[in-house]
Amino acid sequence: MPGNGNKNFPDKSSMKIPFINLQLQHESIKQEIDSAIQEVLQSSQFIGGLKVQAFERAFANTLGVKHCIGTGNGTDSLYLILKALGIGPGDEVLTPAFSCIATAECITLTGATPVFVDVHPEYYTIDASLAAKKITSKTKAILAVHLYGQVADLVTLKSICENHKLFLVEDCAQAHLSSYNNQLAGTFGIASAFSFYPTKNLGALGDAGCVVTHDDSLAEKVRRLSNHGALQRNDHEYPGINSRLDTLQAAVLFTKLSHLLHWNKQRLEIANQYSAALADLKNITIPKITEQTNHTFHIYGIRAKRRGELRKHLDSKGIDTLIHYPKGLPFTKAYWSKNISESDFPVTASLQNEILSLPIYPGLKTEQINFLTKTLKEFNM
Ligand SMILES: *Cc1c(COP(=O)(O)O)cnc(C)c1O
């Protein structure tokens, strides 16, 4: 975000609030992280090994799934799932129009076609009633995204998938330990992908991800595909790729996993403080949580009618914001085509103009939250 030119001389009423502060997190568990890294350095095993197995087991146990396969990142995790399900050229996969581009790319990478479905006007996850209308004889799967930490309408999606014999795949990159009717996200579909990108609720010190599934044979396929088609050295059953979880990242993630619930709780508390303060502002819409969801607030996204001006105002007071996402997927250069118009995806079209992500992370102080909400209210007067 460009500054206002006065960054060196902030006015007295400002307080620097970065969008995220990972330093705070690292300082709070510095010794644990340092010793995890030292152990890996001493073992000098950097790919695979006991640390990777330990994290995979711990993450699977935390979710209550049978298998967890560490991967290089969340995008690969999604791709590996679709590949392992046999999805490829000629197939269609339904996915939300409003998401991170990874959820469409993974479909394209298999040779299949992403079929975009608009999102729910209040909850911003894939609109299940619209999804049902887009099913054709080519449809193989629904790839649901638990956007911002809010869980998609899994009960409806699951029944649609059962009725039409489709695979339900969950993108949990923003929903570590979110739950739906008290069941954890990632445990509903045939398989689910997680990202441990550094800024996610559970983040590594670089790229990392995993696939979880209850299904034995799918788990084996994903593991093989992620490692040149092999479970052991030179056992190449079919061609795969190289997308493994680094040992160093696994050791760090293992350490951080024990703090995740606590961090999620802090995020929820911050979200509740924001929502309480901003609930009655006109021109601002606070996030709405479905009755079924236990939200983990990877992102706290408000809708603002005069977003551009609001962003500038916040920036002038030292408050960083981001936009997730400035363009719905059908409107990106990567996926746009002449026969797509905003009226095909009206909710996505309005979200891309209005959505604004406020800073939310463990360690954000009450005085910062109060300053932010005060600044936002001033703008709205
Ligand atoms: C971050 C993210 C991904 C991709 O994860 P990477 O680890 O960055 O590849 C996929 N889907 C969603 C919804 C994400 O937020």
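## Cysteines

Let's start with cysteine 161, which counts as buried because its relative accessibility is 4%, under the 20% cut-off. This is a predicted model, and the number of disulfides in it is zero. Cysteine 161 fits that picture: it is in no disulfide, and you have to go 14 Å to reach the nearest cysteine sulfur, the one on cysteine 172.

What about cysteine 210, and how far away is its nearest cysteine sulfur? That sulfur belongs to cysteine 68 and sits 3.8 Å away, and cysteine 210 is in no disulfide either. A disulfide here needs the two sulfur atoms within 2.5 Å, so a pair at that spacing does not count. Cysteine 210 is also buried, because its relative accessible area is 0%.

## The chain as a whole

In secondary structure terms, you are looking at 13 helices and 13 strands. The chain has 381 residues, and a compact globule of that length would have a radius of gyration near 21 Å; the chain comes out at 21 Å, so the two agree. If you want a feel for the dimensions, the C-alpha trace spans about 65 × 55 × 40 Å along its principal axes.

Of those 381 residues, 54% count as buried. Take the contacts between residues at least 6 apart in sequence: 70% of them join residues at least 24 apart. On the outside, the chain exposes about 17000 Å², with carbon and sulfur atoms supplying 52% of that area. As for charge, there are 38 positive and 35 negative ones, and their mean positions are 4 Å apart.

## Backbone oddities

Most residues other than glycine have a negative phi, and most peptide bonds are trans. Where does this chain have a cis peptide bond? One runs from histidine 324 to tyrosine 325, with omega near 20°. Tyrosine 325 itself is in the loop between α11 (307-316) and α12 (346-354).

Two residues are worth a look for their phi. Lysine 165 is not a glycine, yet its phi is positive, at about 55°. You'll find lysine 165 in the loop between α7 (154-164) and β5 (167-171). Is lysine 165 buried or exposed? It counts as exposed, because its relative accessibility is 75%. Asparagine 181 is also a non-glycine residue with a positive phi, in this case about 50°. Its home is the loop between β6 (179-180) and β7 (183-184). Asparagine 181 counts as partly exposed, because its relative accessibility is 47%.

## Helix α12 and its cover

On to α12, the helix that follows the loop holding tyrosine 325. Which residues of α12 are buried? Val347, Thr348, Ala349, Leu351, Gln352 and Glu354 are. The cover over these buried residues includes β12 (300-304), α11 and β13 (355-358).

## Glutamine 42

Last stop: glutamine 42, in helix α2 (residues 30-43). Glutamine 42 is exposed, because its relative accessible area is 66%, over the 50% cut-off. Compare its position with that of asparagine 201: the two are 159 residues apart in sequence, and their C-alpha atoms are 28 Å apart in space.

Terms used. Residues numbered from 1 in each chain as written. Predicted model: local features only at pLDDT ≥ 70, side-chain atom pairs only at ≥ 80, totals over all residues. Heavy atoms only, no water. Buried < 20%, exposed > 50% of the residue type's maximum accessible area, 1.4 Å probe, protein only. Helix = DSSP H or I, 4+ residues; strand = E, 2+ residues; numbered from the N terminus. Rg over C-alpha atoms; globule rule 2.2 N^0.38 Å. Contact = heavy atoms within 4.5 Å. Areas by Shrake-Rupley, 256 points an atom, 1.4 Å probe, with all protein chains shown as cover. Lys, Arg positive; Asp, Glu negative; His and termini not counted. Charge placed at Lys NZ, Arg CZ, Asp CG, Glu CD.
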